[in-house]
Amino acid sequence: MVQKYQSPVRVYKFPFELIMAAYQRRFPTSPLIPIFVHSDIIYESKSEDGATQVIERRCTLDVDAPRLLKRIAGVEYLYFVQKNTLDWRQRTLHIEAYNESFSSRVVVREHCSYTVHPENEDWTCFEQSASMDMKSFFGFESTAEKIAMRQYAASIKKGKEIIEYYLRELEAEGVTFIPRWSTPAVVGSAKAIPTSSSREEHSRAPSDPAEVLSRSPEDKLDADYIRHYLGELSPLQESCFIRLRQWLQETHKGKLPKDQHVLRFLRSRDFILEKAREALCQTLTWRKQHQVDFLLDTWQCPQLLHDYYTGGWHHHDKDGRPLYILRLGQMDTKGLVRALGEESLLRHVLSINEEGLRHCEENTNIFGRPISCWTCLVDLEGLNMRHLWRPGIKALLRIIEVVEANYPETLGRLLIVRAPRVFPVLWTLISPFIDENTRKKFLIYAGNDYQGSGGLVDYISRDFIPDFLGGDCQCDVPEGGLVPKSLYHTAEELENEQVKLWTETIYKTASVFKGAPHELLIEITEVSSVITWDFDVCKGDIIFNIYHSKRAPQPLKRETLGSHGLAGPSGNNMQVIDRSWTLGQDYSMVESALTCREGESIQGSHVTRWPGFYILQWRFDNTPACSVSSRPRVDDVLASLQVSSHKCKVMYYTEVLHSADFRGSMTSLASSHSGFSQLSAATTSSGQSHSSSVTSR
């Protein structure tokens, strides 16, 4: 497996020339880098005007590895080749390094750059990226990989300290300013400076890691920003965060979740990049489908919840985290479920979590340190068997499941006070559904244990402990009580309300199978009308096509699959192109096929040229082409259904606009406004314009 590293941008508040003077003191060796034994110059060239200088060194490293592993490998030192390209005119230094030892077994590539700060020419930026591909290492691949990553992480952390050390050394010598390079009177060509180990053609390390450094300055993150707004991260954690953020920038144009939320998903998955990416994609799709970003603006909390839901925000804890108080023991959970239904309660809890995200941002600015989670204080006084009502427990478990999946690492601490004897029964029921890392944040106090040392005063200032728990702070959380039975609804009424709540979405979902695409028919009567679309690829890779036909196709009858003894692939999978039709005669392709990868979000439009019927088609990538028709045989469909990996899923929204209503951009598409208002950072949507369409990812 290839291990990759990408650093944030580290800023030195010193001019480039002074940083270069400090950097050059690292060679040929430095006592501050114990593993760096020595370095020899094997190639050097300099332009005649002195503006550009290239130096290639062979570096000797004494890696801290077990003696046994060194004996098995048969080496005492490791050798790397480092090539430095210094441009005084542009004020840049690019460093490329690769391993010479065991190059057939391990491939290590590194690229570093020192450049001038884009907003302050007297500051210098440093950035690095690296990759390591451990192919084989005498049967100790896993051990060697761990050692290499540990050594690399340590050297990254030490790098800035070394530059700062030599800057102080220069200052002690009276060197605080070095003039910039200026063009001499005579400019000549470059010439090589031979050395004892000079080679006719010096090696070049592949520059793949350097591609990461070619991003625009707006896309890059400052290390100081990470420390101030996100907290202290290890170098490898920083790398995971930056790589996930880059992937989101490439696949979710205009819809980037905020950095704090991206980091929450990484923390919840122990910084395993693939797991965090999968979970984050699922929650972004969920938010978009159910329009969660607009929840705080659209959700009208019923008066019943105002009166009987015993929870609310209350100041903050000693760490500056927002404090939420829930008097669960005083809440009539059965009455609320019977009067409002499970879905209304879930939506209310989601609105509380959305408020919590806002409070975290506000407190981060107020206290000047990163605050990404909140503290919850749960009072269980009054908890009894009524709270163990089965539908109520079911609703609670559903809420826990949704919150755990979509708001990870938002709970910093859970303080449970006045736990009665019945609490262990409730805990036994719900604890298996709570993430292990979340359970570690629970502190449970029975009776009056919360009042003494080690209780609430350790986590909440005495000024903010609510009055009902013996504090002096008035708490506005409702006291609750029994919901009048006259407000109860029948099971049928609650079911209709639940359906209404979670079908209020402009998006539809469809399954796409190998051999069974999903197709959408759109009739156009006015030339120059604009077909717009917005879809997310939730699972698998698909190919998106647009076709036109002058005559109306007949939808595929579902009984065709049923007659083979198997139900259709999905109730939300439809084909409309007749099997007998021939591409180029009965219907034609009006756009080039667009390949869309899992996790990508696609927005686009097509200006129609002719009236008739347009067909939007999402089909499985690598679907075999048919020379006569794009319609698959039923036998092919049945065979493909046996393989679960041959299933894709898309979530889409389409709209037809009159040409007068379309302004040449996706701003007129209602669904493009789902820019994750609560979680999005301001980004610019990039698009590719065709002669008659606009498509953006």
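Ile546 has Leu616 as its bridge partner, and Leu616 sits in strand β22. That pairing comes from a predicted model, and it makes a handy way into the fold. Ile546 belongs to strand β18, residues 542-549, which runs antiparallel to β22 and is joined to it by eight bridges. Look at β22 next to strand β16, residues 518-524, and you'll find another antiparallel pairing, this one with seven bridges. Here Glu519 stands opposite Gln617 of β22. So how well covered is β22? Strand β22 spans residues 612-620, and eight of its nine residues are buried.

Zoom out for a moment. The chain holds 18 helices and 25 strands. It has 697 residues, and 50% of them count as buried. If you like thinking in contact maps, take the contacts between residues at least 6 apart in sequence: 78% of these join residues at least 24 apart.

Now for another set of strands. As a reminder, strands of a sheet pair through backbone hydrogen bonds, either parallel or antiparallel. In what order do the strands of the open sheet come? The order is β10-β11-β12-β13-β14, five strands with mixed pairing. At the edges are β10 (311-316) and β14 (442-446), each of which pairs on one side only. Going from one strand to the next, the twist averages 20°. Start at the β10 edge: β10 pairs with strand β11, residues 322-326, in the antiparallel sense, over four bridges. Within that pairing, Gly311 has Leu326 of β11 as its bridge partner. Helix α12, residues 342-367, packs on this sheet and touches β10, β11 and β12 (374-379). The direction of α12 makes about 5° with that of β10.

On to the helix pairs. Two packed helices are described by the angle between their axes and the distance between the axes. Take helix α13 (residues 390-406) and helix α14 (residues 423-430): their axes come within 11 Å and cross at roughly 50°. Because of that angle, α13 counts as oblique to α14. The crossing of α13 and α14 is right-handed. On the α13 side, Ile393, Leu396, Leu397 and Ile400 make the contact, while α14 brings in Leu426, Leu429 and Ile430. Sorted by class, the residues of this contact between α13 and α14 are seven nonpolar, no polar and no charged.

What about helix α6 (residues 235-251) and helix α8 (residues 273-289)? Their axes come within 11 Å and cross at roughly 40°. That angle is why α6 is oblique to α8. The crossing of α6 and α8 is right-handed. From α6, the contact takes Cys240, Arg243, Leu244, Trp247 and Leu248. From α8, the contact takes Leu273, Ala276, Arg277, Leu280, Cys281 and Leu284. Which classes turn up in the contact of α6 with α8? By class there are nine nonpolar residues, no polar ones and two charged ones. If you're tracing side chains on screen, Arg243 of α6 and Arg277 of α8 are among the residues in this contact.

Definitions and conventions:
Residues are numbered from 1 along each chain as its sequence is written. This is a predicted model: local features need pLDDT of at least 70, side-chain atom pairs count only at pLDDT 80 or more; totals for chains, interfaces and linings use all residues. Side-chain values use heavy atoms; hydrogens and water are left out. Buried means under 20% relative accessible area, exposed over 50%, partly exposed in between (1.4 Å probe, protein chains only). Helices (H or I, at least four residues) and strands (E, at least two) are DSSP runs, numbered from the N terminus. Two strands pair if DSSP finds at least two bridges between them. Axes are lines fitted to C-alpha atoms, for helices over the stretch in contact, and angles run from 0 to 180 degrees between N-to-C directions. Angles under 35 degrees count as roughly parallel, over 145 as roughly antiparallel, 65 to 115 as roughly perpendicular and the rest as oblique. A crossing is left-handed if the near helix is turned anticlockwise from the far one by less than a right angle, and right-handed if clockwise. Contact means heavy atoms within 4.5 Å. Ala, Val, Leu, Ile, Met, Phe, Trp, Tyr, Cys and Pro count as nonpolar, Asp, Glu, Lys and Arg as charged, and the others, Gly among them, as polar.
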